[in-house]
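User: Please take a close look at one helix-to-helix contact in this model and explain how the parts around it are arranged. I would like a single connected account rather than a list.

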Amino acid sequence: MTTNENTHGHGPRMDFAAALPSATYKAVVALDAAARKGVDPVIAELVKIRASQLNHCAFCLDMHIKDARKAGETEERIYLLNAWEEAAHYYTEKERAALALTEAVTVLTDGFVPDAVYERAAAQFDDTELTQLIALIATINVWNRFSVTTRKAPGSV
């Protein structure tokens, strides 16, 4: 099957949240809440959007773009996020470091996060912030994988 056959014209496969044992679901919700603590809300939404773009998670893109708008994020920065490196002047160095780390953690093509990417982030975030950011990136990737696998429809929450 092609990507189009897998995604176009097919509805959700299951209600993941309803089918998942509540303890497991609550654990991921708790990790998500803990990961966000201490992370700038703007950076958190940019990270969630960028990871969701990379993972082709329409449900999470819809949710986090709406959340970013509510948090005051501009349309221009949201639109350009997919090409943030080419539109670098729209984002702070701290945001760019977070986005680079998001991409490296989300797409483990070489099986590791490159030292230069990690060091760039470590130069912008103290150890506690960096730990929270890494947990946030891991958590959005968990949500993306749940939603993509079960074909959770955008706008369903």
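Analyst: In this predicted model, the axes of helix H5, which covers residues 58-70, and helix H9 come within 8 Å of each other and cross at roughly 130 degrees. Because angles over 145 degrees would count as roughly antiparallel and those from 65 to 115 as roughly perpendicular, H5 is described as oblique to H9. On the H5 side the contact is made by Phe59, Cys60 and His64, while H9 contributes Ile140, Trp143, Asn144 and Ser147. Sorted by character, these residues comprise four that are nonpolar and three that are polar, with no charged residue in the contact.

Some of the residues at this crossing also belong to a core. A nonpolar core of seven residues, separate from the largest one, includes Phe59 and Cys60 together with Cys57 and Trp143. In soluble globular proteins, nonpolar side chains tend to be buried together.

A residue of a further helix touches both partners of the crossing. Ser52 is found in helix H4, and it counts as buried because its relative accessibility is 0%. Setting aside residues up to four places away in sequence, Ser52 touches Cys57, Cys60 and Leu61, and also Ile140 and Asn144. Of these, Cys60, Ile140 and Asn144 are themselves among the residues that make the contact between H5 and H9.

Between H4 and H5 runs a loop that holds His56. The phi of His56 is near 55 degrees, which is a positive value in a residue other than glycine. Most residues other than glycine have a negative phi. With a relative accessible area of 68%, His56 is exposed, whereas Ser52 in H4 is buried. A positive phi turns up again in the segment after H9, which is the place of Arg151: its phi is about 55 degrees although Arg151 is not a glycine. Arg151, however, is buried, with a relative accessible area of 17%, which is under the cut-off of 20%.

Helices H4 and H9 also take part in the largest nonpolar core, which has 24 residues and in which Ile43, Val47, Leu81, Leu101, Phe125, Leu133 and Leu136 have the most contacts. At least two residues of this core come from each of helix H4 (41-54), helix H7 (93-106), helix H8 (115-124) and helix H9 (127-150). Ile43, one of the residues named for this core, is in contact with Lys94, Glu95, Ala98, Phe125 and Leu133 once its neighbours within four places in sequence are left aside.

The loop between helix H6 (75-80) and H7 contains Asn82, and here too there are contacts between parts that are separated in sequence. Apart from its neighbours within four places in sequence, Asn82 is in contact with Arg50 and Gln53. Its C-alpha atom is 8.7 Å from that of Leu54, a residue 28 positions away in sequence.

For the setting as a whole, the protein chain has nine helices and zero strands. Of the contacts in the chain with a separation of 6 or more, 71% are between residues 24 or more positions apart. Buried residues make up 36% of the 157 residues, and the accessible surface comes to about 8800 Å², of which 58% belongs to carbon and sulfur atoms.

Terms used. Residues are numbered from 1 along each chain as its sequence is written. This is a predicted model: local features need pLDDT of at least 70, side-chain atom pairs count only at pLDDT 80 or more; totals for chains, interfaces and linings use all residues. Side-chain values use heavy atoms; hydrogens and water are left out. A nonpolar core is a set of buried Ala, Val, Leu, Ile, Met, Phe, Trp, Tyr and Cys residues joined through side-chain atoms within 4.5 Å. Buried means under 20% relative accessible area, exposed over 50%, partly exposed in between (1.4 Å probe, protein chains only). Helices (H or I, at least four residues) and strands (E, at least two) are DSSP runs, numbered from the N terminus. Contact means heavy atoms within 4.5 Å. Axes are lines fitted to C-alpha atoms, for helices over the stretch in contact, and angles run from 0 to 180 degrees between N-to-C directions. Angles under 35 degrees count as roughly parallel, over 145 as roughly antiparallel, 65 to 115 as roughly perpendicular and the rest as oblique. Ala, Val, Leu, Ile, Met, Phe, Trp, Tyr, Cys and Pro count as nonpolar, Asp, Glu, Lys and Arg as charged, and the others, Gly among them, as polar. Accessible areas come from the Shrake-Rupley method with a 1.4 Å probe; for residues, only the protein chains shown count as cover.
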